[in-house]
Amino acid sequence: MDRARYDRLTILFHWVMAALIFYAAAAILIADDLPRGAFRDLIKTSHNSVGAVVVVLLALRILWRLVSRAPAMPSAMTARQQRLAKLAHLGLYAMMAAVPLLGMAAHFLRGRGLEFGFFSIASPLAANRALSRSIKEVHELAAYALLALVAFHIAAALWHQFIKRDGLMGRMSFSRPSPAGQTP
């Protein structure tokens, strides 16, 4: 494996989780504006299910990260930039865990289970609507914090791609860069 790039499984985790997080955020924002009914319920149910899938994928991603090495940061990055990048990634991981876990806790505390179409998971918690509402508020604030971190992550990637032009974005791409001096 080219040590300047992430391995294919890490790249797959990254992009699938990015798509699921984007979907979960968009779905719940759209659902809040829909009239009550079956379609709104479907969107909300899919939001909850996607959150649970993100938790599972995050656990697998962390396990994979423990056994696979990330490529070294580019030498052109200052020590401060490298620390900031590591801190931002830790924040992303923490929020990718916190947001869906808080959402699941709020959902379970409403006395509801999770629906996955072909199976469901019953609530393991006793219903407590007051606590559910409080946790839901924290879940929503955490989701906005996650989206802010994602925006920062995207801005940093674009800065590397278009301002620094250091090829850092290519580390998370499925396509292999062409050898230096050759055009694809």
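**Exercise 1. Get an overview of the chain.**
Task: Find what share of the contacts with a separation of 6 or more joins residues 24 or more positions apart, and describe the overall make-up of the chain.

Solution. Start with the contacts: of those in the chain with a separation of 6 or more, 69% are between residues 24 or more positions apart. Keep in mind that this is a predicted model. Next, list the secondary structure, which comes to four helices and two strands. Following the sequence, these elements come in the order α-α-α-β-β-α. Then look at the overall extent: along the principal axes, the C-alpha atoms fill a box of roughly 60 × 35 × 35 Å. Finally, the chain has 184 residues, and 30% of them are buried.

**Exercise 2. Describe how α1 packs on α2.**
Task: Work out how helices α1 and α2 are oriented to each other, and what kinds of residues make their contact.

Solution. First locate the helices: α1 covers residues 8-31 and α2 covers residues 38-67. Two packed helices are described by the angle between their axes and the distance between the axes. Here the angle is about 155° and the axes lie 9 Å apart. Angles over 145 degrees count as roughly antiparallel, so α1 is roughly antiparallel to α2. The crossing of α1 with α2 is left-handed. Sorting the residues of this contact gives 19 nonpolar, four polar and three charged.

**Exercise 3. Do the same for α2 and α3.**
Task: Classify the orientation of α2 and α3, then name residues on each side of the contact.

Solution. Begin again with the angle, about 140°, and the distance between the axes, 9 Å. An angle of about 140° is not over 145, and it lies outside the other named ranges as well. The two helices, α2 and α3, are therefore oblique to each other. Their crossing is left-handed. On the α2 side, the contact residues include N48, G51, A52 and V54. On the α3 side, they include Y93, M96, A97 and P100. In this contact of α2 with α3, eleven residues are nonpolar, three are polar and one is charged.

**Exercise 4. Follow α4 from end to end.**
Task: Compare the span of α4 with the expected one, and find its buried residues and what covers them.

Solution. Helix α4 runs over residues 129-164, which is 36 residues. From its first C-alpha to its last, α4 reaches 50 Å, close to the 52 Å expected at 1.5 Å a residue. Now look for buried positions: in α4 these are S132, I135, H139, A142, L146 and H160. Their cover includes α1, α2 and α3, the last of these being residues 79-109.

**Exercise 5. Examine two single residues.**
Task: Decide whether H14 and R165 are buried or exposed, and describe the surroundings of H14 and the backbone of R165.

Solution. Take H14 first, which sits in helix α1. Its relative accessible area is 14%; buried means under 20%, so H14 is buried. Apart from neighbours within four places in sequence, H14 is in contact with R61, H153 and M172.

Now turn to R165, in the segment after α4. Its relative accessibility is 66%, so R165 counts as exposed. For the backbone, recall that most residues other than glycine have a negative phi. R165 is not a glycine, yet its phi is positive, about 55°.

Technical notes:
Residues numbered from 1 in each chain as written. Predicted model: local features only at pLDDT ≥ 70, side-chain atom pairs only at ≥ 80, totals over all residues. Heavy atoms only, no water. Axes fitted to C-alpha atoms, helices over the stretch in contact; angles between N-to-C directions. Parallel < 35°, antiparallel > 145°, perpendicular 65-115°, else oblique. Left-handed = near helix turned anticlockwise from the far one by under 90°. Nonpolar A, V, L, I, M, F, W, Y, C, P; charged D, E, K, R; others polar. Expected span 1.5 Å × (residues − 1). Buried < 20%, exposed > 50% of the residue type's maximum accessible area, 1.4 Å probe, protein only. Contact = heavy atoms within 4.5 Å.
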